[in-house]
Amino acid sequence: MAQTEGGKEQGRVKTGDQLGAKTAAGAPIAGGGVVVEVREKKGPLRAAIPTMPFPLAVICLFLNTFIPGLGTFISAFTVLCGARSELISERGVCCVFWLNVAAALIQILTAVIMVGWIMSIFWGMDMVILAISDGYRDQGLPQDV
């Protein structure tokens, strides 16, 4: 994160990072590299994708591949069964459920022009990626996925 003071950007110093040294964002480190922190900003539909167990995420990906929107529609019900999502703390379970239903409907309705089919496959891949990263988090393993 950078702050602007008098038209000049200044980076905040990160401490306790994985390198074990204090580095400023964008500052050179030993070895000639540069430390850059990147965070992905997700829209509400994408942030509403639930984190499911790995086998269920793979089933949803399979369904989304062959019947666009079906896996996303099923994943909406996992939110009601306790699956976590980034948006639940902000908007509540009911809103996250309806956002997933809306994403499934968008995928179904736009599948005719291939946009929904492609979106559906990417949605399923995101479900699997979330399941894998959550599995690593639960086991305490490094998240270099």
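This passage describes the fold, helix packing, nonpolar cores and two selected residues of a predicted model.

The chain contains six helices and four strands. The order of these elements is simple. From the N terminus, the run is β-β-β-β-α-α-α-α-α-α. The chain has 145 residues, and 32% of them count as buried. Its exposed surface amounts to about 9500 Å². Carbon and sulfur atoms supply 65% of that surface. Contacts were also sorted by separation in sequence. Among contacts between residues at least 6 apart, 54% join residues at least 24 apart.

Two helix pairs were examined. The first pair is helix 2, residues 54-66, and helix 3, residues 70-80. Their axes lie 6 Å apart, and the packing angle is about 150°. Helix 2 contributes Leu56, Cys60, Leu63 and Asn64 to the contact. On the other side, helix 3 contributes Leu70, Gly71, Thr72, Ile74, Ser75 and Thr78. The residues of this contact between helix 2 and helix 3 comprise five nonpolar and five polar ones, with no charged residue.

The second pair is helix 3 and helix 5, the latter covering residues 93-110. Here the axes come within 8 Å and cross at roughly 175°. Angles over 145 degrees count as roughly antiparallel. Helix 3 and helix 5 are therefore roughly antiparallel to each other. From helix 3, the contact takes in Thr72, Phe73, Ser75, Ala76, Phe77, Val79 and Leu80. From helix 5, the partners are Val93, Val96, Phe97, Asn100, Val101, Ala103, Ala104 and Gln107. The contact of helix 3 with helix 5 has eleven nonpolar residues, four polar residues and no charged ones.

The nonpolar cores come next. The largest nonpolar core has eleven residues. Its members are Ile49, Met52, Ala57, Cys60, Ala103, Met119, Trp123, Met127, Val128, Leu130 and Ala131. Two elements give two or more residues to this core: helix 2 and helix 6, the latter spanning 115-139. Helix 6 gives the most, with six residues. Apart from this core lies another, of six residues. Ala48, Val79, Leu87 and Leu99 are among the six. Core members also appear in the contacts described above. Cys60, of the largest core, is one of the helix 2 residues that meet helix 3. Ala103, also of the largest core, takes part in the contact of helix 5 with helix 3. Met119 of the largest core touches Ala103, Ile106 and Gln107, when residues up to four places away in sequence are not counted. Val79, by contrast, belongs to the core of six residues, and is a helix 3 residue in the contact with helix 5.

Two further residues were considered. Pro44 lies in helix 1, residues 44-47. Its relative accessibility is 40%, and it counts as partly exposed. Leaving aside neighbours within four places in sequence, Pro44 is in contact with Leu87, Arg91 and Leu99. Leu87 and Leu99 are both among the residues of the six-residue core. Pro44 and Leu87 are 43 residues apart in sequence. In space, their C-alpha atoms are 7.5 Å apart.

Ile129 is placed in helix 6. Ile129 is also partly exposed, with a relative accessible area of 49%. Ile129 and Val58 are 71 residues apart in sequence. Their C-alpha atoms are 9.8 Å apart in space.

Conventions: Residues are numbered from 1 along each chain as its sequence is written. This is a predicted model: local features need pLDDT of at least 70, side-chain atom pairs count only at pLDDT 80 or more; totals for chains, interfaces and linings use all residues. Side-chain values use heavy atoms; hydrogens and water are left out. Buried means under 20% relative accessible area, exposed over 50%, partly exposed in between (1.4 Å probe, protein chains only). Contact means heavy atoms within 4.5 Å. Accessible areas come from the Shrake-Rupley method with a 1.4 Å probe; for residues, only the protein chains shown count as cover. Axes are lines fitted to C-alpha atoms, for helices over the stretch in contact, and angles run from 0 to 180 degrees between N-to-C directions. Ala, Val, Leu, Ile, Met, Phe, Trp, Tyr, Cys and Pro count as nonpolar, Asp, Glu, Lys and Arg as charged, and the others, Gly among them, as polar. Angles under 35 degrees count as roughly parallel, over 145 as roughly antiparallel, 65 to 115 as roughly perpendicular and the rest as oblique. A nonpolar core is a set of buried Ala, Val, Leu, Ile, Met, Phe, Trp, Tyr and Cys residues joined through side-chain atoms within 4.5 Å.
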